[in-house]
Amino acid sequence: MCADIASTRNDEVVERVRMERGLEKFLARLLLRSTLSNEEKSTISALRGREAFTAAHRDIVKPGQTIDFACLVIDGLAGRFDQLANGHRQITAIHIPGDMCDLHSVAVPHTGWGIEALTGTTILRIPHDQLRDLTVKYPGIAYAFWRDTIADASILSKWISALGRRSAKLRMAHLICELGLRMEQAGLGSRDCYALPATQAQLADVIGVTTVHVNRTFQALRRERLLHTEAINIRVLDFQRLCALAEFDPRYLLLDTGAK
């Protein structure tokens, strides 16, 4: 009995630490694009929700679902996607720890999209009511949320442009540059060295090609001595040259600091 109680308490402590870490990363993301007062920062850090784990390749939110919470990634990778009638998916966003995958759902809770766990992913389900109350009480937080959703829309616009106008190699190069900078800003690695545990099939759903083509694309970038991959780790051998190849301009990320 005592052992069970101690175990439960330990689990609660671990969950609380994970939640606080996730909220800390979310706040850091907001501060990349907005200025908040100490009271506003404390209010965001005090948000509460329900932690949920989703195994890799499972849906966190299904297309067409009506939800009353927003999903904050604590651990893992999540992908927002659109699904066709034949079951094929196009991943339209990759979300890393600290990202609120669907902050826009506070305003429009009926989804025309889905969210998939690309890896085993832990999210914090934060009730829409909490987030809505914050925006009413704190206009500065409302503005920060607005800017955050604009950043997501800006990234989506760049991805659409890449799908329509870039070769598979340039799409992949651009994606690697973007994720490197985002991982660096989130404290999850550096722009030229980070973990990308997504499968080649998932990356194929991002850049709109077959899995075989993804493999060939990585081979081409390795042959040009731009990239080294080992298991889930990405190491960019020449970040500036990769940026030049991809025509990567970080201004669309709306960050205070960009690729140097």
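This is a short talk on one sheet, some salt bridges and a surface patch in a single structure.

Please keep in mind that the model is predicted.

I will start with the sheet. Three strands form an open sheet, and their order is 1-7-3. The pairing is antiparallel. Strand 1 and strand 3 stand at the edges with a single partner strand each, so one side of each has no neighbour in the sheet. From one strand to the next, the twist averages 35°.

Now the pairings one at a time. Strand 1 covers residues 50-54, and five bridges join it to strand 7 in the antiparallel sense. On the other side, strand 3, residues 69-75, pairs with strand 7 over six bridges, again antiparallel.

Which residue of strand 7 is the bridge partner of Glu-51? That is Leu-124. Leu-124 is also the bridge partner of Leu-72. If you want another pair to find on the screen, take Phe-53, whose bridge partner in strand 7 is Thr-122.

Helix 3, residues 128-137, packs on this sheet. The helix touches strand 3 and strand 7, and its direction makes about 60° with that of strand 7.

How much of strand 7 is covered? Strand 7 runs over residues 121-127, and five of its seven residues are buried.

Next, the salt bridges. A search of the whole structure finds 15 of them. I will go through three.

The one I would look at first joins Arg-29 and Asp-152, with the closest N and O atoms 2.9 Å apart. Arg-29 sits in helix 1, residues 2-31, while Asp-152 belongs to helix 4, and 123 residues separate the two. This salt bridge therefore links distant parts of the chain.

Are the two partners buried or exposed? Arg-29 has a relative accessible area of 10%, so it counts as buried, the cut-off being under 20%. Asp-152 comes out at 12%, and so it is buried as well.

This pair is part of a network of salt bridges that links Arg-29, Asp-99, Asp-148, Asp-152, Glu-178 and Arg-182.

The second salt bridge is between the side chains of Asp-59 and Lys-62, at 3.8 Å from N to O. Asp-59 has a relative accessibility of 22%, so it counts as partly exposed. Lys-62 is partly exposed too, at 49%.

The third is between Asp-238 and Arg-241, where the closest N and O atoms are 3.6 Å apart. Asp-238 is partly exposed, with a relative accessible area of 30%. For Arg-241 the value is 38%, which means partly exposed again.

Last, the surface. Tyr-143, Trp-146 and Ile-150 make a nonpolar patch of about 350 Å². Trp-146 lies in helix 4, which spans residues 139-165. Why does Trp-146 count as exposed? Its relative accessibility is 55%, and the cut-off for exposed is over 50%. Helix 4 thus gives us two things to look at: Trp-146, which is exposed, and Asp-152, which is buried.

To go back over the main points: the sheet has the order 1-7-3, and helix 3 packs on it. Arg-29 and Asp-152 form a salt bridge and belong to a network of such bridges. The nonpolar patch is made by Tyr-143, Trp-146 and Ile-150.

That is what I have for today.

Conventions: Residues numbered from 1 in each chain as written. Predicted model: local features only at pLDDT ≥ 70, side-chain atom pairs only at ≥ 80, totals over all residues. Heavy atoms only, no water. Patch = residues over 30% accessible without salt bridge, like charges linked within 9 Å, V, L, I, M, F, W, Y side chains within 5 Å. Areas by Shrake-Rupley, 256 points an atom, 1.4 Å probe, with all protein chains shown as cover. Salt bridge = Lys/Arg side-chain N within 4 Å of Asp/Glu carboxyl O. Helix = DSSP H or I, 4+ residues; strand = E, 2+ residues; numbered from the N terminus. Buried < 20%, exposed > 50% of the residue type's maximum accessible area, 1.4 Å probe, protein only. Pairing = 2+ DSSP bridges. Axes fitted to C-alpha atoms, helices over the stretch in contact; angles between N-to-C directions. Contact = heavy atoms within 4.5 Å.
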